[in-house]
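User: Could you take me through one part of this model in some detail? I would like a close look at the helix that the structure itself will point us to, and at what surrounds it.

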Amino acid sequence: MSRDHPQTLSRRQVMAAAGVGIAAGVAGSASAQQTSTKPIEDGPAMRDPRSKYPKPPFEAQTQPWPGLARDMKPKPDHGEVSYKGSGRLSGRKALITGGDSGMGRAAAIAYAREGADVAINYYPSEEPDASEVIQLIRGAGRTGVALPGDLRDERFCQRLVADAVQQLEGLDIVVCNAGRQQAKPSILDITSEEFDATMKTNIYAPFWIIKTALPHLKPGSCIIGTTSEQAYDPSPELYDYAQTKAATMNYVKSLAKQLGPKGIRVNGVAPGPIWTPLQISGGASEEKYKKFGSTTVLERPGQPAELASIYVQLAADDASFATGNIYGSGGGQGQP
């Protein structure tokens, strides 16, 4: 329609034209259904899992423990952009340890976008990563609580739970995800102090946290532990870390039997090689992390975002019969 010669249509003319258009559309649709053999593309786009994320070799980038995701190259995907919620966890209250990066961060983002309020724990030096997560939680319109501290301290773990309960006004999801991993070629290279630090972070902390949280957990609540493929197929250089992940798998199964009669579910997630700061801050040698994930059938490591939906499913009410199970995501390496 020319700007210099505007035309004015009556409401009746507009409605008549619309009616003709709708009728034509219906007729065209019916005709298309009868004659077209082309499939209708109304679902989510599929992507080749082999090329969805970066493949090794990765550049050298060793960081001091515990490392920051924001400084990794390439930066891990935690679902910051991709994860879309649908209200599956509306009104829930979650505490996630190691919520600044890795699977904990992916779970925190997903939980918030599914409608949960989330408290995250992290080591104080990880504040730059953690502040990003809190912003994302609050950006989803949910309460985000930052609770930094050292999980190797029993009193802190007790205070962590108390602070989460107070600031979230309740608690019904506990994700014990934080882990310490330091690769050593030989058992002779591990000091008693280092061994103790790994055990306290990976084994003692979940014990202290779950024990403190339990009186607050009502029927329908859930506990999720992060174990690893290392529980099933331990690497020689991860002697101490691997045995803690086997213990995690075991406590999940034991607690599930103990707490099932109380209506509380307990499950675990067992990742394969996932691209997180764990690797580049002492968890793997430079030689190993540069080709990290190359042994999977997809020839790449997984990204934290690829496990987010597992943590959501295990916390959601429609997974009410799932307890005492370990859910794997190993890139075809067959574990668990």
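Analyst: Happy to. Let's begin with helix 6, which lies across strand 4, strand 5, strand 6 (265-271) and strand 7, and runs at about 160° to strand 6. Touching here means heavy atoms within 4.5 Å; angles run from 0 to 180 degrees between N-to-C directions, with axes fitted to C-alpha atoms, for helices over the stretch in contact. Helices (H or I, at least four residues) and strands (E, at least two) are DSSP runs numbered from the N terminus.

A word on the source: this is a predicted model, in which local features need pLDDT of at least 70 and side-chain atom pairs count only at pLDDT 80 or more, while totals for chains, interfaces and linings use all residues. Residues are numbered from 1 along each chain as its sequence is written, and side-chain values use heavy atoms, with hydrogens and water left out.

The sheet under helix 6 is open and has seven strands in the order 3-2-1-4-5-6-7, with parallel pairing; two strands pair if DSSP finds at least two bridges between them. Strand 3 (144-148) and strand 7 (326-329) stand at the edges with a single partner strand each, so one side of each has no neighbour in the sheet. From one strand to the next, the twist averages 15°. Strand 1 (residues 93-97) and strand 4 (residues 173-176) are joined in the parallel sense over three bridges, and Leu95 stands opposite Val174 in strand 4. Helix 5 also packs on the sheet, touching strand 1, strand 4 and strand 5 (222-226), and its direction makes about 170° with that of strand 4.

Helix 5 (192-213) and helix 6 (239-259) meet again at the largest cavity, where each supplies at least two lining residues. A cavity is a set of points on a 1 Å grid over the protein atoms alone where a 1.4 Å probe fits but cannot get out, and lining residues have an atom within 4 Å of a point. The structure holds one cavity of 30 Å³ or more, and the largest has about 40 Å³ of space, a volume being the space filled by probe spheres set on the points, which are joined across faces, edges and corners. Its lining consists of Cys176, Ala178, Asn202, Pro206, Thr226, Lys245, Thr248 and Tyr251. Helix 6 gives the largest share of that lining, three residues.

Methods:
On a 1 Å grid over the protein atoms alone, a cavity is a set of points where a 1.4 Å probe fits but cannot get out, and a pocket is an open set with protein on both sides within 12 Å along at least five of seven lines; lining residues have an atom within 4 Å of a point.
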